[in-house]
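Biologist: Could you take me through how helix packing is read from a set of coordinates?

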Amino acid sequence: MRVAFFSAVISFPTLASAVPQITLVTFATFGIPIGILAYHYFYKPERFVFQNLGIRKRELYVFAIGFIWLITIPLLILAILAIG
């Protein structure tokens, strides 16, 4: 999941705030469009491999967004319960 990786790179500087909720929200909201743009720019030939397999670009991006939210929601609940 390269989109998730680029999203994590975007949210990494917010770890300095010492509030994990801000990092998780940045990861799941602001990082997704930046991650999709970075994936589109850096891995365009790889996307054609998925296209040859019958996976459309929209399906790839919807899967990436779903995967990111699947990770973020439990972590956000855990951070809220742990920190308060």
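Modeller: What follows is a short reading of some helices and their contacts.
This is a predicted model, in which local features need pLDDT of at least 70, side-chain atom pairs count only at pLDDT 80 or more, and totals for chains, interfaces and linings use all residues. Residues are numbered from 1 along each chain as its sequence is written, and side-chain values use heavy atoms, with hydrogens and water left out.

Biologist: Which residues of helix α1 are buried?

Modeller: An α-helix has 3.6 residues a turn, so residues three or four places apart point the same way. In α1 (residues 2–11; helices are DSSP runs of H or I, at least four residues, numbered from the N terminus), the buried residues (under 20% relative accessible area, 1.4 Å probe, protein chains only) are Val 3, Ala 4, Phe 6, Ser 7 and Ser 11. They cover an arc of only 165° around the axis, taken from the directions from the axis to the C-beta atoms, which puts them on the same side of α1.

Biologist: What covers the buried residues of α1?

Modeller: The cover includes α2 (20–42) and α4 (57–83), and in α1 Val 3, Ala 4 and Ser 7 meet Ala 64, Phe 67 and Ile 68 of α4, contact being heavy atoms within 4.5 Å.

Biologist: At what angle do α1 and α4 pack?

Modeller: With axes as lines fitted to C-alpha atoms over the stretch in contact, and angles running from 0 to 180 degrees between N-to-C directions, α1 and α4 pack at about 55°, their axes 9 Å apart.

Biologist: And how do α2 and α4 cross?

Modeller: Their axes come within 9 Å and cross at roughly 165°.

Notes. Buried < 20%, exposed > 50% of the residue type's maximum accessible area, 1.4 Å probe, protein only. Helix = DSSP H or I, 4+ residues; strand = E, 2+ residues; numbered from the N terminus.
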